Amino acid sequence: MFLDKELKKIGKKNIRVYLDMDGTIVHYEVGNADNYDIKRPLLNRINNVKKIISEYDNISFYILSIGHEQKHIDQKNKWLDKYLPEIPKENRAILIRNIRGNKPSPEIKRDFINSIKTDDIIVLIDDDPRIIDAVRKNNKNNVILYKDSVLSD
Ligand SMILES: [Mg+2]
């Protein structure tokens with residue numbers, strides 16, 4: 001598996017891997033933020049995550065995702081309970097972005113990542129190049145960034 005080879009390069013340090021959801025472990029449906037319960041899980045990627053969780057004590061997985069309202073957050077939690085319960089609730093950061101608010105998603109995720117206080121290595125996996133770019137340009141925690149395709153194969 002490619003991801004576990006990549007993470008092994010980091011060494012024996014404690015690693016926190018933050019996973020995006022839409023387009024990363026869930027099939028991204030353009031223009032449909034609702035009906036999360038029937039969204040298609042990207043099973044090959046999810047199984048790779050499960051394998052790493054079961055094999056490595058020094059690697060923990062977290063969720064970093066955004067919803068527009070509370071019902072989306074509830075739906076995403078239900079989806080995770082069904083397809084990836086190995087990531088416990090306390091490791092899930094599902095943040096609200098008010099559509100009328102003026103803070104775009106890349107800044108919300110960047111600010112969240114910058115606010116983490118830990119000596120662990122932080123890895124972020126996301127399919128959105130705007131998010132990767134925002135974190136890369138203002139990267140207080142030396143986050144290691146990967147596009148979603150790192151999860152495949
Ligand atoms: Mg995404």
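**Exercise 1. Strand β2 and its partner**

Determine how many bridges join strand β2 to β3, and in which direction the two strands run relative to each other.

*Solution.* Step 1: In this predicted model, strand β2 covers residues 59-67 and is joined to β3 by five bridges. Step 2: The two strands run parallel. Step 3: Individual positions can be matched across the pair: Ser-65 stands opposite Ile-94 in β3, and Gly-67 stands opposite Ile-96 in β3. Step 4: The connection between the strands is made by helix α3, residues 70-83; β2, α3 and β3 make a right-handed β-α-β unit.

**Exercise 2. The sheet as a whole**

State the order of the strands in the sheet and identify the edge strands.

*Solution.* Step 1: Five strands form an open sheet with the order β3-β2-β1-β4-β5, and the pairing is parallel. Step 2: The edge strands are β3 (92-96) and β5 (144-147), each of which pairs on one side only. Step 3: On average, neighbouring strands of this sheet are turned by 20° against each other, direction ignored. As background, strands of a sheet pair through backbone hydrogen bonds, either parallel or antiparallel.

**Exercise 3. Helices against the sheet**

Find which strands are touched by helix α4 and which strands helix α5 lies across.

*Solution.* Step 1: Helix α4, residues 105-115, packs on the sheet and touches β2, β3 and β4 (121-126). Its direction makes about 145° with that of β2. Step 2: Helix α5, residues 129-137, lies across β4 and β5. Helix α5 runs at about 165° to β5.

**Exercise 4. The overall fold**

Give the pattern of helices and strands along the sequence, and explain why the protein counts as being as compact as a globular protein of its length.

*Solution.* Step 1: The protein has five helices and five strands. Step 2: Along the sequence they follow the pattern α-β-α-β-α-β-α-β-α-β. Step 3: The radius of gyration is 15 Å, close to the 15 Å that the globule rule gives for 153 residues, so the protein is as compact as a globular protein of that length. Step 4: The C-alpha trace spans about 40 × 30 × 25 Å along its principal axes. Step 5: Among contacts with a separation of 6 or more, 68% are between residues 24 or more positions apart.

**Exercise 5. The nonpolar core**

Identify the residues of the largest nonpolar core that touch the most other members, and list the contacts of Val-17 beyond four places in sequence.

*Solution.* Step 1: Buried residues make up 27% of the 153 residues. Step 2: The largest nonpolar core has 27 residues, of which Val-17, Tyr-18, Leu-19, Ile-63, Leu-124, Ile-125 and Val-135 touch the most other members. Step 3: Two or more residues of this core come from each of α1, β1 (15-19), α2 (43-55), β2, β4 and α5. Step 4: Leaving aside residues up to four places away in sequence, Val-17 touches Ile-59, Phe-61, Tyr-62, Val-123 and Ile-125.

**Exercise 6. Buried or exposed?**

Classify Lys-5, Asn-142 and Asp-153, using the cut-off that a residue with 12 or fewer other C-beta atoms within 10 Å is exposed.

*Solution.* Step 1: Lys-5 is found in helix α1, residues 2-10; Lys-5 has 8 C-beta neighbours inside 10 Å and therefore counts as exposed. Step 2: Asn-142, in the loop between α5 and β5, is exposed because 7 other C-beta atoms lie within 10 Å. Step 3: Asp-153, in the segment after β5, has 10 C-beta neighbours inside 10 Å, so Asp-153 counts as exposed.

Key:
Residues are numbered from 1 along each chain as its sequence is written. This is a predicted model: local features need pLDDT of at least 70, side-chain atom pairs count only at pLDDT 80 or more; totals for chains, interfaces and linings use all residues. Helices (H or I, at least four residues) and strands (E, at least two) are DSSP runs, numbered from the N terminus. The radius of gyration is taken over C-alpha atoms; the globule rule is 2.2 Å times the number of residues to the power 0.38. A residue is buried if 20 or more other C-beta atoms lie within 10 Å of its own, exposed if 12 or fewer, and partly exposed in between; C-beta atoms are placed from the backbone. Two residues are in contact if their C-beta atoms, placed from the backbone, lie within 7 Å. Two strands pair if DSSP finds at least two bridges between them. Axes are lines fitted to C-alpha atoms, for helices over the stretch in contact, and angles run from 0 to 180 degrees between N-to-C directions. A nonpolar core is a set of buried Ala, Val, Leu, Ile, Met, Phe, Trp, Tyr and Cys residues joined through C-beta atoms within 7 Å. A crossover is right-handed if, with the strands pointing away from the viewer, the path from the first strand over the helix to the second runs clockwise.
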